[in-house]
Amino acid sequence: MQYPLDSGNGNFTYKLSYGGFMSEKTQEKISGLSRRSFMKGAGTLAAASMFGGAAPYVMSSEKKVLRYLGTAVNQDTKIGEKAKEDLGITIEYIPVTTDEVTKRILTQPNSFDLVDTEYFSLKKLVPSGNLIGMNASRIKEFDNIVTAFTKGEVAGKKIGDQGTAPKKVFYKDGEKSKDFSSTPTEWVTLIPTVYNADTLGIRPDLIGRSINSWAELLNPEFKGKASILNIPSIGIMDAAMVVEAMGEYKYPDKGNMTKKEIDLTMKILTEAKKAGQFRAFWSDFNESVNLMASGEVVIQSMWSPAITAVRTKGIPCVYQPLKEGYRAWAAGFALPSTIKGQQADLAYEFINWFLSGWAGAYLNRQGYYSAVLSTAKANMEAYEWDYWMLGKPAAKDIMSPNGQKLASAGEIRDGGSYEDRMGGVACWNAVMDENRYMVRKWNEFIAS
């Protein structure tokens, strides 16, 4: 999954320079490198050549630097700046796609100090041994992490766990274990950073009636004005929600289909495509925004910040709650097996800071959910908390972290409260056992 980076002026764009997302200050530091520092760098490169690969990472005694690999969802300039202000740690973002995150972990675990990856990737990553189990005793707020992760519950009630529900892959048998533990241990795979419950986005002004089912995505009423995302492992989950909602089939596990179930799902999608149901198949965040903002599409797979981006243009757009429930996703911090000593200490220090509230509140204000709700609440105004987390009408205009108006006083958040949204999760993003077969069939569907 690729995520947008809010540039701070209302435009959600990908800003890539020097191989990553960087603040202007960071770019100035790079462009202003002294000859002496360049020669030191050249020496490191020479060492890399001598040892036939990447040289071991050596942290300067004068600086605290943390190399942060991940998608751009949490790689916000302001989070990095705040971490530097509070901790004195310079965050060097390494922003890549979800697939590239997986590749880096599997092939270059010494190229980063901290990684932000998705829970559904863990079945590929943990068996490699390239991620260590994180010591729960070193995480100050560990006992306050939301129970959706630790127990698969929200407000004491079980939620859907089809797919890769975090509770299934949350614990490891030991620090260096390559296996998951079905019972709690002191070793954790990922410390949650951000998560959400996804659904369909709609243009209520162009539809003109209520929408309450995933089945509407294939309703002929929206022929030529529907869209689904072209990321196979996620798109097929949305498709499965539609197939079930239509009453065509009930999956034992939408996140781990058999070949026959994949064939059935693709057959239904292909028939809809040939009938002209879909306007487009998007894989880029900005494309999803443009399709909805232009009115070319009135109902589609969508992500929460994309809804926000459309709204900031002054265009009605709703993240529609649906009776069959939500498809959820989650990401978290992990440490590479190569990390040790002072770098490991810095990583734990940053993670503890991330859970301490400021970052959580910052992400909550963008429509995401944070891992420790109590600390985030302490960093939000009461009216913000009421709107974002309790589903209450906004007492004041709701603003984004960058000062953009997201909702007017009196409005209620799409889907209501945290308990309503996360309590309504039906399944989680996943990588299927038959993933290669699924991807091949998905690509055939797109090419059909």
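1. A salt bridge here is a side-chain nitrogen of Lys or Arg within 4 Å of a carboxyl oxygen of Asp or Glu. With that in hand, the count for this predicted model comes to 20 salt bridges. A few of them are worth a look together, along with one helix pair.

2. Let's start in helix H4, which spans residues 98–107. Glu100 and Arg104 form a salt bridge there, and their closest N and O atoms are 3.2 Å apart. The two residues sit four positions apart in H4, so about one helical turn separates them. As for their surroundings, Glu100 has 25% relative accessibility and counts as partly exposed. Arg104, at 19%, counts as buried, because the cut-off for buried is under 20% relative accessible area.

3. The next pair is Arg209 and Glu216, a salt bridge whose closest N and O atoms are 3.0 Å apart. Is Glu216 buried or exposed? Glu216 is buried, with a relative accessible area of 11%. Its partner Arg209 counts as partly exposed, at 33% relative accessibility.

4. Helix H17 (residues 435–447) holds both Arg440 and Glu444, four residues apart, or about one turn of the helix. These two form a salt bridge as well, with 3.5 Å between the closest N and O atoms. Arg440 is partly exposed at 43% relative accessibility, and Glu444 is also partly exposed, with a relative accessible area of 38%.

5. Salt bridges can also link up through partners they share: Lys82, Glu85 and Asp86 are joined into one network in this way.

6. Now for the helix pair. Two packed helices are described by the angle between their axes and the distance between the axes. For helix H8 (residues 232–245) and helix H9 (residues 259–274), the axes come within 10 Å and cross at roughly 80°. Angles of 65 to 115 degrees count as roughly perpendicular, and H8 and H9 are therefore roughly perpendicular to each other.

7. Which residues of H8 and H9 meet? On the H8 side they are Ile236, Ala239, Ala240 and Val243. On the H9 side they are Ile262, Thr265, Met266, Ile268 and Leu269. Sorted by class, this contact of H8 with H9 has eight nonpolar residues, one polar residue and no charged residues. Thr265 is the polar one, because Ala, Val, Leu, Ile and Met count as nonpolar, while Thr falls outside both the nonpolar and the charged lists.

How values were computed:
Residues are numbered from 1 along each chain as its sequence is written. This is a predicted model: local features need pLDDT of at least 70, side-chain atom pairs count only at pLDDT 80 or more; totals for chains, interfaces and linings use all residues. Side-chain values use heavy atoms; hydrogens and water are left out. Buried means under 20% relative accessible area, exposed over 50%, partly exposed in between (1.4 Å probe, protein chains only). Axes are lines fitted to C-alpha atoms, for helices over the stretch in contact, and angles run from 0 to 180 degrees between N-to-C directions. Angles under 35 degrees count as roughly parallel, over 145 as roughly antiparallel, 65 to 115 as roughly perpendicular and the rest as oblique. Contact means heavy atoms within 4.5 Å.
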